[in-house]
Amino acid sequence: MNITPGIRTVADFYTESQPYITLFNTFITKHALMGQAAVDHINYKCDSAETFEHIRALFEYDSEYIYQSIISNRRIALIKLRRSIPTGLGPIALLELSDQKPDHSQTNKFEHIEAYPLAKTYEDFLQLFATTETLIPHARVHHSTQDIDMGNGFLFRCTTGPLIEKIKTGEMV
């Protein structure tokens, strides 16, 4: 079984997430995003079905709920964390756990934190970064975003609103 050596327990998940939370907090401070955006979720990509199943199983009895769907021919689990992760934009209460892509291109890693504007339009929100950051567009059928590399390939993902709302309106109808 090929399981990421760093995440063997729920406690390991929280410990392993901390460097990324620090990177995120530095980024939001640099861009003065407090009060302008809300944090939605943190994403963890898995290198194999075994890793996905292992991490999902860790949270089966240590979460509020797990919602799983097939998106782009792979499993995506949205896990409501029992213990939120504090950030400068508020607590992260959701983990988006991504199974390996069909092309087997993923490695085990925290990939992004997703946030959305509070008072501004999405377009105005993106303008906050226009002169200082490179926005990387990701047009997907289910969820289009703009990404900013905060360092070491870890992304600040800009979106229009909470992922759970997209799931409720797009999948649970």
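**Reading a fold, starting from one glutamate**

Student: Where does E111 sit in the secondary structure?

Tutor: This is a predicted model, and in it E111 belongs to strand β5, which covers residues 109-117.

Student: Is E111 buried or exposed?

Tutor: The general idea is a cut-off: buried means under 20% relative accessible area. E111 comes out at 12%, so it counts as buried.

Student: Which residues is E111 in contact with, once its neighbours within four places in sequence are set aside?

Tutor: Its contacts are N43, K45, G153, F154, L155 and R157.

Student: Let's zoom out. How many helices and strands does the protein have?

Tutor: There are four helices and eight strands. Walk along the sequence and you get α-β-α-β-β-β-β-α-β-β-β-α.

Student: What do the contacts say about sequence separation?

Tutor: Take the contacts between residues at least 6 apart in sequence: 65% of them join residues at least 24 apart.

Student: And how do I read the radius of gyration?

Tutor: Set it against what a compact globule with that many residues would have. For 173 residues that is near 16 Å, and the protein has 16 Å, so the two agree. Along the principal axes, the C-alpha atoms fill a box of roughly 45 × 35 × 30 Å.

Student: What share of the residues counts as buried?

Tutor: That share is 47% of the 173 residues. As for the accessible surface, it comes to about 8600 Å², with 52% belonging to carbon and sulfur atoms.

Student: How many charged side chains of each sign are there?

Tutor: You'll find 16 positive and 21 negative ones, and the centres of the two sets lie 1 Å apart.

How values were computed: Residues are numbered from 1 along each chain as its sequence is written. This is a predicted model: local features need pLDDT of at least 70, side-chain atom pairs count only at pLDDT 80 or more; totals for chains, interfaces and linings use all residues. Side-chain values use heavy atoms; hydrogens and water are left out. Helices (H or I, at least four residues) and strands (E, at least two) are DSSP runs, numbered from the N terminus. The radius of gyration is taken over C-alpha atoms; the globule rule is 2.2 Å times the number of residues to the power 0.38. Buried means under 20% relative accessible area, exposed over 50%, partly exposed in between (1.4 Å probe, protein chains only). Contact means heavy atoms within 4.5 Å. Accessible areas come from the Shrake-Rupley method with a 1.4 Å probe; for residues, only the protein chains shown count as cover. Lys and Arg count as positive and Asp and Glu as negative; His and the chain ends are not counted. The place of a charge is taken as NZ of Lys, CZ of Arg, CG of Asp or CD of Glu.
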